[in-house]
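Subject: Structure for your review

Dear colleague,

Please find below the structure that I am handing over to you. My findings follow it, and I should be grateful if you would read them alongside the coordinates.

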Amino acid sequence: MIKFSSSFECGNGKNFCHIKENRYRCEVSGDKITYCYYFCFDIKNEGSETEIDIEIWHDPDINDPEGFISHFPTTIWVSTQDINRFHPLEQSLCTVFKDHIVVHLNLAPESIMRITNNWPSPYSDTCNFIKKLADERTNTEVFSLGKTVLKRDIVGIRTGTQGKPRILCLAGQHPIEFPGIWAVRTIADFITSKIPYAEEMRKNFLFEIIPIVNPDGNIAGRNCFTEEGIDLYQAFGENPDAEYPESVEGRLLWKWATDKKAALWINFHCYLGWRTNSEYPYDGWYQVPYETFSDIREREIYCLMCDVMRLLTDAPSTSIEPTVHWINSLEYQLAKRYNIPHVFYEINGGTAGPFQSGKRGLQVFFNTIRTLEHYIR
Ligand SMILES: [Zn+2]
């Protein structure tokens with residue numbers, strides 16, 4: 001007897017069914033066009049050792065098979081003994097079709113296996129990680145931006161020197177873009193560590209770091225949305241000139257960035273898929289036109305940050321030019337209205353679990369902050 005479940009933190013998968021002997025089928029649960037590719041579910045084998053095929057289909061409610069399949073092929077992660085510890089499934093065991101993929105699995109007797117295409121960093125585990133850091137390191141305090149729609153705290157850490165330029169660092173706007181969250185967790189670890197570079201950075205800046213800005217979406221295993229069904233990246237929705245973002249979480253982020261002067265906004269996202277137009281590790285980055293900044297000094301800093309992205313990170317491995325931000329994004333509006341420079345980096349989760357994501361995120365953070373340090377000096 002084989003049983004399926006996605007009823008757990010960061011779970012995604014629906015309409016599980018048995019098609020024929022040793023063959024099963026399910027669908028992903030998407031949010032909107034393109035944002036409809038993530039899955040994470042458990043397979044419980046209550047019998048003896050067996051081999052099965054599972055068809056994983058695009059979400060018929062969104063009906064964007066192309067958007068779904070554009071994220072494949074990618075690394076499929078399967079758990080071993082520990083349900084939250086994964087290893088990559090051998091590539092030959094996953095076949096990609098136009099509108100679905102088929103995964104071939106060998107199930108041990110009386111076992112549970114978790115399978116996903118993006119190694120999760122769940123909200124509860126991330127909160128524990130942050131609290132542990134703050135307990136162990138006297139230079140660090142935990143803070144909350146406020147509550148989500150479902151009354152969960154948007155938790156972060158603060159470290160560094162009050163009165164120094166404020167660096168804001170975040171991830172998880174698109175909740176299941178876990179590589180961004182892993183990156184920010186590593187950054188939090190680094191910046192509160194005893195490494196001399198980190199100590200120096202803490203003297204020169206105040207850091208506020210939030211790994212998961214959309215906890216409700218994270219727990220629900222959503223590709224894109226908040227609990228209210230809003231895309232937190234396109235925070236101003238249909239009205240880029242509106243006074244405030246649309247969602248509860250968007251307004252909290254806006255207040256965070258604008259109540260007190262922010263020197264830099266560092267935001268991590270992710271996508272999946274081994275793309276044919278790029279070279280390993282396929283990361284990417286976004287920018288706004290330099291002229292978006294009216295303040296000459298901030299524009300100069302922004303140009304520098306863009307040079308860092310281009311020259312000192314892995315981002316240009318996905319394409320030669322950065323993607324241009326939507327005008328309804330926080331990045332665009334913070335640049336235009338408040339002259340706040342940003343760094344916006346996309347890790348390819350197809351080539352990164354927690355450890356690679358952490359390393360690439362740290363490379364972005366380190367080179368950005370070192371550059372800013374030299375500029376300010
Ligand atoms: Zn994203």
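For what follows, two strands are taken to pair if DSSP finds at least two bridges between them. Please also note that this is a predicted model.

With that definition in place, I begin with the hairpin of β2 and β3. Two residues lie between its strands, and N22 adopts a positive phi near 60° there. The two strands run antiparallel and are joined by four bridges. One position in this pairing is K14, which stands opposite E27 in β3.

The sheet

The hairpin belongs to an open sheet of five strands with mixed pairing, in the order β2-β3-β5-β9-β8. The edges are taken by β2 (14-20) and β8 (94-96); each has a single partner strand, so one side of each is left without a neighbour in the sheet. From one strand to the next, the twist averages 20°.

Beyond the hairpin, β3 (residues 23-27) pairs with β5 (residues 50-57) in the parallel sense, over five bridges. Within this pairing, R25 stands opposite E55 in β5, and R23 has D53 as its bridge partner in β5. Strand β5 is in turn joined to β9 (residues 100-107) by eight bridges, and these two strands run antiparallel. Here I52 stands opposite L105 in β9. As general background, strands of a sheet pair through backbone hydrogen bonds, either parallel or antiparallel.

A residue in β3

I would draw your attention to C26, which is found in strand β3. Is C26 buried or exposed? It has 20 C-beta neighbours inside 10 Å and therefore counts as buried; the threshold for that class is 20 or more. Leaving aside neighbours within four places in sequence, the contacts of C26 are F4, G13, K14, N15, F16, F41, I54 and I56. For one of these, K14, the separation from C26 is twelve residues in sequence and 5.9 Å in space, C-alpha to C-alpha.

The domains

The protein is divided into domain 1 (2-116) and domain 2 (123-376). Their centres, taken over C-alpha atoms, are separated by 30 Å. The contact between them takes 19 residues from domain 1 and 16 residues from domain 2. On the side of domain 1 that touches domain 2, there are nine nonpolar, seven polar and three charged residues.

Helix α3

Does the length of α3 agree or disagree with what its residue count predicts? This helix has 14 residues (residues 178-191), which at 1.5 Å a residue should span 20 Å; the end C-alpha atoms are 20 Å apart, so the two values agree. The helix is also mostly covered, with twelve of its 14 residues buried. The buried residues are F178, P179, G180, I181, W182, A183, V184, R185, T186, I187, A188 and I191.

Backbone points to check

Two cis peptide bonds deserve a look. One joins F72 and P73, with omega about -5°; P73 lies in the loop between α1 (65-69) and β6 (77-79). Another joins Y280 and P281, with omega about 5°. P281 lies in the loop between β15 (264-271) and β16 (284-287).

Y282 is also found in the loop between β15 and β16. Its phi is near 70°, a positive value in a residue other than glycine. Y282 is buried, because 24 other C-beta atoms lie within 10 Å.

N339 likewise has a positive phi, near 55°, and is a residue other than glycine. Its place is the loop between α8 (330-338) and β18 (342-348). Why does N339 count as partly exposed? The reason is that N339 has 19 C-beta neighbours inside 10 Å, whereas a buried residue needs 20 or more.

Yours sincerely

How values were computed
Residues numbered from 1 in each chain as written. Predicted model: local features only at pLDDT ≥ 70, side-chain atom pairs only at ≥ 80, totals over all residues. Expected span 1.5 Å × (residues − 1). Domains from an automatic or database assignment. Contact = placed C-beta atoms within 7 Å. Nonpolar A, V, L, I, M, F, W, Y, C, P; charged D, E, K, R; others polar. Axes fitted to C-alpha atoms, helices over the stretch in contact; angles between N-to-C directions.
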